[in-house]
Amino acid sequence: MPEKPQLSREAIRFVRFIVSEMKPKPPYFTAFNLITVPIVLLGMGILVLRFAKGLGAVTNLSQDFPWGFWIGFDVITGVALAGGAYCITFIVYVMRVEKYHSIVNVTVLNGFLAYVFYAGALTLDLGRPWNIINPIIGNSFGFNSVLFLVAWHFMLYMAAEFLEFSPVIADWLGWRRVKKWLSAITLGAVIFGITLSTLHQSGLGALFLMAKPKIHPLWYSEFIPILFFTSSIFAGLCMVIVEGTLTHRVLKDHIDPDHHASHDEIIIGLAKFASIAVFVYYFFKLLTFLHGKQWTMLGDFWGFWYALEVGGLVLIPGAMLAFGVRHRNVEIIRMGSVLAILGVILNRLNLSVIAFKWYAPVHYYPSWQEIVVTLMVISVEIWVFRWVVSRMPVMRKSRFQ
Amino acid sequence: METYYYVNIFETKGLEYLLLMAFLVLLVLLFRYFNAPGSTKPGRKGWGP
């Protein structure tokens, strides 16, 4: 019976490997750690208070404003910014553009973590978080509701993205045959994931269709689902550009030299896709603007705020991306990407928080605890991302090649 | 009886048609802008090969 001792030896080896990998690696006292550790500790304390005493103890939410910063930023904005994963997997696995293959793993990892943390942050905002299982088990839930679709899509998309990333985990664990098997099902998971993304990105916009009287007419449109989908394309691609730039500066020791050398070319290619997406989005915005005769509403503060979003944070970054592509200037592309991301953040916050019930005499604004918890979610996501990239072959060549 | 004016650019959705045509023309121009020759000048930070 030689198999049993061999199996137990392998299990012990596996546990030891996992335990050794769980240990943090130096340097410990980096500027990022020194800033994020207090934020995370404070955020955890606030969450204890939130679950012990309820939402009212730490948030400014009310019956008039039941959706606040956690939904508006973490869920609705975070999911748009995670759109890079479905765009890159579509370009690489469906369009077969191999130039971007080196960034697939890191983009899918970013997308997966964004969904886990930002969509996961939804549980913080539910008055009865244990009811989050209801749409999954079909308990007292409207099967025709948009939220039902969004809930199922989030869950299935997280599973699809985990499957897309799983060959990297198998590689890290040294499971050659498992990796081969998982790689074989990647294409199916990718197509499934892209289909889900197109639907739930627009589905998040469709949530606002039923709130027409509550949203300022400059932001409300029957085309919100299409606007959400098209803006998620350039938001995701710009996020890939910004994250890629930061990763190449901070985690350069974990990046393959070939990948490092081709980084500028990849950024220029992504910026071209992003500028075309901005162009399409801008025309949809122009269409809703003309269709709704919205120029009559530009005279007050809300008109100025709208012009800032659509002109300053969509048109200008779109032009910067196109100019950067034409002149192959990566610095301008990076600046344009940051502005485009700010534009999408502002758009989502305008719809869900700022221009939502703009007529109310007492308006909602986030409490400091809500902002700290959001920063905590972002910090923990970056910690997990750094842990994975520094241990698994995300941006390095596979050991089986 | 409701009167329908065919010259009203809003009622005929003429504005949307004009916008669509402008979109298609400008999209072609955008692609030509990307692919026009002589778009690179060497010697600046971030310039590709």
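Helices here are DSSP runs of H or I at least four residues long, numbered from the N terminus. Keep that in mind, and let's start in a loop between two of them. Pro27(A) sits in the loop that links α1 (3-22) to α2 (31-53) of chain A. Look at the peptide bond leading into it: from Pro26(A) to Pro27(A) the bond is cis, with omega near 5°. Bear in mind as you look around that this is a predicted model. Its overall scores are ipTM 0.78 and pTM 0.89.

Now zoom out to the whole of chain A. You'll find 16 helices and zero strands. Along its principal axes, the C-alpha atoms fill a box of roughly 80 × 55 × 45 Å. How does the radius of gyration fit with a compact globule? A compact globule of 401 residues would come out near 21 Å, and chain A has 22 Å, so the two agree. As for what's tucked inside, 41% of the 401 residues in chain A count as buried. The contacts tell you about the fold too: take those between residues at least 6 apart in sequence, and 80% of them join residues at least 24 apart.

Let's head for the inside. The largest nonpolar core has 102 residues, and the ones touching the most other members are Phe234(A), Leu237(A) and Ala274(A). Which helix gives the most to this core? That would be α11 (residues 224-250) of chain A, with twelve residues. Try clicking on Phe234(A) and looking at its surroundings. Leaving aside residues up to four places away in sequence, Phe234(A) touches Ala274(A), Ala277(A), Val278(A), Tyr281(A) and Ala340(A). Here's a handy bit of background: an α-helix has 3.6 residues a turn, so residues three or four places apart point the same way.

Val278(A), one of those partners of Phe234(A), also makes a good starting point for a trip outwards. Thr296(A) is 18 residues from Val278(A) in sequence, and their C-alpha atoms are 25 Å apart in space. Thr296(A) belongs to the loop between α13 (263-291) and α14 (301-326) of chain A. Is Thr296(A) buried or exposed? It counts as exposed, because it has 9 C-beta neighbours inside 10 Å, and the cut-off for exposed is 12 or fewer.

Lys293(A) is in the loop between α13 and α14 as well. Its backbone is worth a look: phi is positive, about 50°, although Lys293(A) is not a glycine. With 11 C-beta neighbours inside 10 Å, Lys293(A) counts as exposed. Then hop over to Lys357(A), in the loop between α15 (330-354) and α16 (368-389) of chain A. Lys357(A) is not a glycine, yet it has a positive phi of about 55°. Because Lys357(A) has 16 C-beta neighbours inside 10 Å, it counts as partly exposed.

That leaves chain B. Its secondary structure comes to one helix and zero strands, and 0% of its 49 residues are buried. The helix, α1 (residues 14-35) of chain B, has 22 residues and reaches 32 Å from first C-alpha to last, close to the 32 Å expected at 1.5 Å a residue. α1(B) is hardly covered, with zero buried residues among its 22.

How far can you trust what you see here? Chain B averages a pLDDT of 74, and 63% of the residues score at least 70. Over residues 42-49 of chain B, though, the pLDDT is below 50; this stretch has 14 contacts in the model beyond near neighbours in sequence. Where pLDDT is low, the predicted coordinates should not be read in detail.

Definitions and conventions: Residues are numbered from 1 along each chain as its sequence is written. Chains are lettered from A and ligands numbered from 1 in the order in which they are written. This is a predicted model: local features need pLDDT of at least 70, side-chain atom pairs count only at pLDDT 80 or more; totals for chains, interfaces and linings use all residues. Helices (H or I, at least four residues) and strands (E, at least two) are DSSP runs, numbered from the N terminus. The radius of gyration is taken over C-alpha atoms; the globule rule is 2.2 Å times the number of residues to the power 0.38. A residue is buried if 20 or more other C-beta atoms lie within 10 Å of its own, exposed if 12 or fewer, and partly exposed in between; C-beta atoms are placed from the backbone. Two residues are in contact if their C-beta atoms, placed from the backbone, lie within 7 Å. The expected span of a helix is 1.5 Å times one less than its number of residues. A nonpolar core is a set of buried Ala, Val, Leu, Ile, Met, Phe, Trp, Tyr and Cys residues joined through C-beta atoms within 7 Å. pLDDT is the predictor's confidence in each residue, from 0 to 100.
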